[in-house]
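Hi everyone, thanks for making time today. Could you pull up the structure on your screens, so we can walk through a few places in it together?

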Amino acid sequence: MSKKNVRAKSPQPSLFDATASEPEPAAAPVKAAALPVAPEAPEDDAEELAAAEPVRKAPTRRATAESLAEKQREISVSEFFVKNRHLLGFDNKQKALLTAVRECVDNSLDACEEAGILPELRIEIRELAEERFRIAVEDNGPGIVKAQIPKIFGKLLYGSKFHRLKQQRGQQGIGVSAAGMYGQLTTGKPVTIVSRTSPQAAPHLFEVTVDTRKNQPLVLKEEKTEWEKAHGTRVEIEMEASYKKGRRSVDDYVEQTALSNPHCRVLYSPPGQETITYERAVHELPEEAKEIKPHPYGVELGRLMRMFQDSQDRHISTALKNDFSRLTPKVVDDILKIAGVSPKARPRDLDTPAIERVHKAFTKVKIMAPPTNCLSPVGEEALLKGLRLRFKADYYDAVTRPPAVYRGNPFQVEVALAHGGSLPAEELIEVFRFANRVPLQYQASACAVTKAVLSVDWRSYGMQMSKGALPTGPMVLMLHIASVWVPFTSESKEAIAHYPEIVKELRLALMEVGRRLGLHIRRGKREAAEAKKRGYIDKFIPHIGIALKEILNLKDKETDRVVANLKTVLERSRENMV
């Protein structure tokens, strides 16, 4: 028998076993739901298992509440932006150079316009060593009071623009002090400022750095100096940077600044090159923007609570009329009636539920749109003059939309274009984006302006356009948004947020200039076709005259008369067909 067929048999009890003769006890009945019970391990095995398992100790506490409390400290805004300088536009060396120049230019232009002075700027960039530059921006503005110079250039979030609702380039009080802080961080050098307020006042020279722990200015040098200007300010910053030409460069920024500020004269000295002069296209200042009060539709609950707490008025009805725009006595009565608040109530004594009812009542009452004298658009005429001065084209057009409102903030959209001429015909069109006259050169894909341009079907206006791309053709497109508060996507002010109201106004302006552009392009095509047909007539009619002369034996005068008659008939028939 093979091994495969051998079955293991259960062991038989021995006949000589003492227990074999005793009968086995009956097995206890097993319940159906009973679970198998693991046999207990012998004592020796249990000891081995206990020795094999590691002894787990309770985790030791690494810190206590008291020790954690000792590590807590206040962080100044300067310290925050030192570690997060990319939020301000200093995330690479090329962009840092552009951002520093832009912040200084914005301050100069705002100061000149507010003082009623036609601005004249001098921008200088000197290369001191590899990736080390010294920038200087000089203006003919009103100058800066001596006591304010250290705070303006040595303290972040210090300025006069944050709380004012009017169109202006600066908004946060961060820019120029952040540029100086970046120069201090990369080179250890202070910001140098020379300023003079009048011909009778002595010019003052300051060297200022930022105490980043306290966000306070440190004045390293202060003295009177000699300066030929009657009034103005000159700012110099030394920094690590990179200078390059082309798109998104300082050269490009200066050219676009001259385009959006046609009332400004700019003298620009790039590294190692001759000075470039951008002359004024207009010799009048833009209309002055007026400061307005906040509109009820744009005020959030927390801000409304703070306004009531700070109010000096005895009655809430008076406070609403004095602190907000477009609230007439009748509108105030309607708001308080809906909110269930007495007109005689003291603003400071209102509790949170009452203020919340007033805030909700704002949206239930029809209120006029905010005033628009807080805006100062470039204007269609100035836009066209700027385009004609910078670009050689065949067709120019511009449109300024009526003011609109987003979140209670008034804004206005302008669009201008140049087409044809010497502009490249086989490349994508060039789009210039501006916010409060300031060029936006980065994050184009994240900007509401680009979204609006791409959303328009330019093929219906005679342009070539691929899906998801800018149109192709000889065109320069300029879009400007003016607002009391431009909704930038970050502190670096490089892209505009996608508010539906803003995108809608941009689209309407683009479609308006697009329709007129389409008429121009179609008219140009018709004229080209007519010229082509006229060329055929001028080319072939003389040959027909020669053939008729040979066939009919015509004289020269008769031949000329026949040719003239043929031209007249063909021209008349072509005009009737058109």
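Let's start with E512: is this residue buried, exposed or something in between? E512 has a relative accessibility of 24%, and because buried means under 20% and exposed means over 50%, E512 counts as partly exposed. R516 falls in that class too, being partly exposed with a relative accessible area of 31%. Before I go on, please keep in mind that this is a predicted model.

Those two side chains, E512 and R516, meet in a salt bridge, at 3.4 Å from N to O. Both sit in helix α14, which spans residues 500-552, and because they are 4 residues apart there, about one helical turn separates them. As a general reminder, side chains of opposite charge can pair when their charged atoms come close.

How many salt bridges are there by this rule? The count comes to 28.

Let me show you another one, between E138 and R234, where the N to O distance is 2.7 Å. This pair links distant parts of the chain: E138 belongs to strand β2, residues 132-139, while R234 belongs to strand β6, residues 232-240, and the two are 96 residues apart. Both E138 and R234 are buried. They also belong to a network, in which salt bridges that share partners join E124, R132, R134, E138, K229, R234, E236 and E238.

One more pair for the charge fans: R102 and E103 form a salt bridge at 3.4 Å, N to O. R102 counts as buried at 7% relative accessibility, and E103 is buried as well, with a relative accessible area of 5%.

E103 brings us to helix packing, since this residue is in α4 and is among the α4 residues that meet α6. In general, two packed helices are described by the angle between their axes and the distance between the axes. Here, the axes of α4 and α6 (residues 175-187) come within 8 Å and cross at roughly 140°. That angle makes α4 oblique to α6, and the crossing is left-handed. Which residues make the contact? From α4 we have K93, A96, A100, E103, C104 and N107, and from α6 we have G175, V176, A179 and Y182.

Now for L88, in the loop between α3 (77-83) and α4 (93-115). L88 counts as buried, at 5% relative accessibility. Leaving out residues up to four places away in sequence, L88 touches F81, T99, I174, A178, E491 and S492. If you compare L88 with A179, they are 91 residues apart in sequence, but their C-alpha atoms are 8.9 Å apart in space.

Last stop: helix α10, residues 329-339. Its buried residues are V331, V332, I335, L336 and A339. Why do they end up on the same side of α10? They cover an arc of only 130° around the axis, and that puts them on one side. On the other side of α10, K330 and K337 are exposed. The buried residues of α10 pack against α9 (316-323) and α11 (352-364). Just after α10 comes G340, with a positive phi of about 70°.

That's my tour, and I'm happy to take questions!

Notes: Residues are numbered from 1 along each chain as its sequence is written. This is a predicted model: local features need pLDDT of at least 70, side-chain atom pairs count only at pLDDT 80 or more; totals for chains, interfaces and linings use all residues. Side-chain values use heavy atoms; hydrogens and water are left out. Buried means under 20% relative accessible area, exposed over 50%, partly exposed in between (1.4 Å probe, protein chains only). The arc is that of the directions from the helix axis to the C-beta atoms. Contact means heavy atoms within 4.5 Å. A salt bridge is a side-chain nitrogen of Lys or Arg within 4 Å of a carboxyl oxygen of Asp or Glu. Axes are lines fitted to C-alpha atoms, for helices over the stretch in contact, and angles run from 0 to 180 degrees between N-to-C directions. Angles under 35 degrees count as roughly parallel, over 145 as roughly antiparallel, 65 to 115 as roughly perpendicular and the rest as oblique. A crossing is left-handed if the near helix is turned anticlockwise from the far one by less than a right angle, and right-handed if clockwise.
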